[in-house]
Amino acid sequence: MNKREVVMNIKIFPCQGRCNVSMMTKTVAEFFDNDDTIQVVNFLNSPTENETDIKYVAVNGCPAKCASKEFESLKMKPNEEIVITKDFDPENNAKY
């Protein structure tokens with residue numbers, strides 16, 4: 001009897017802003033992209049029936065939670081939400 005191999009696919013959607021915090025967030029997310037099981041995506045699509053094994057992670061740069069708001073606009077809920085600067089409170093600016 002063959003056992004079905006279960007592979008979890010994770011899609012990370014980082015903050016899409018244009019400030020220092022969002023640029024840092026995108027850089028951190030790219031560190032985890034391995035093309036096999038974890039992919040960083042720059043846009044969201046509603047999953048199809050064939051994509052039920054995908055887990056979505058919203059990686060927000062600051063408490064504004066822009067990445068999470070993108071999920072809301074598609075009436076989706078990410079499996080996980082992360083705010084990577086919540087304990088540091090950096091000032092958002094255009095200095096990348």
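Start just past helix α2, at Lys75: this residue follows the helix and has a positive phi, near 55 degrees. Keep in mind that you're looking at a predicted model, so a word on confidence helps here, since pLDDT is the predictor's confidence in each residue, from 0 to 100. The chain averages a pLDDT of 81, and 79% of the residues score at least 70.

Now step back into α2 itself, which covers residues 66-73. Which of its residues are buried? They are Ala67, Ser68 and Phe71. These residues sit on the same side of α2, because the arc they cover around the axis is only 100 degrees. Turn the helix around and you'll find Glu72 and Ser73 exposed on the other side. As for what the buried residues of α2 pack against, look to three strands: β1 (9-14), β3 (54-60) and β4. Strand β4, residues 80-83, has the highest mean pLDDT among the elements of the chain, at 93.

At the other end of that ranking is helix α1, with the lowest mean pLDDT among the elements, 86. This helix spans residues 20-32, and Phe32 lies in it. Is Phe32 buried, exposed or partly exposed? It counts as partly exposed, because its relative accessibility is 44%, and the partly exposed class runs between under 20% for buried and over 50% for exposed. Phe32 also helps make a nonpolar surface patch of about 410 Å², together with Met24, Val28 and Phe31.

Notes
Residues are numbered from 1 along each chain as its sequence is written. This is a predicted model: local features need pLDDT of at least 70, side-chain atom pairs count only at pLDDT 80 or more; totals for chains, interfaces and linings use all residues. Side-chain values use heavy atoms; hydrogens and water are left out. Patches are made of residues with over 30% relative accessible area and no salt bridge: like charges are joined within 9 Å, nonpolar side chains (Val, Leu, Ile, Met, Phe, Trp, Tyr) within 5 Å. Accessible areas come from the Shrake-Rupley method with a 1.4 Å probe; for residues, only the protein chains shown count as cover. A salt bridge is a side-chain nitrogen of Lys or Arg within 4 Å of a carboxyl oxygen of Asp or Glu. Helices (H or I, at least four residues) and strands (E, at least two) are DSSP runs, numbered from the N terminus. Buried means under 20% relative accessible area, exposed over 50%, partly exposed in between (1.4 Å probe, protein chains only). The arc is that of the directions from the helix axis to the C-beta atoms. Contact means heavy atoms within 4.5 Å.
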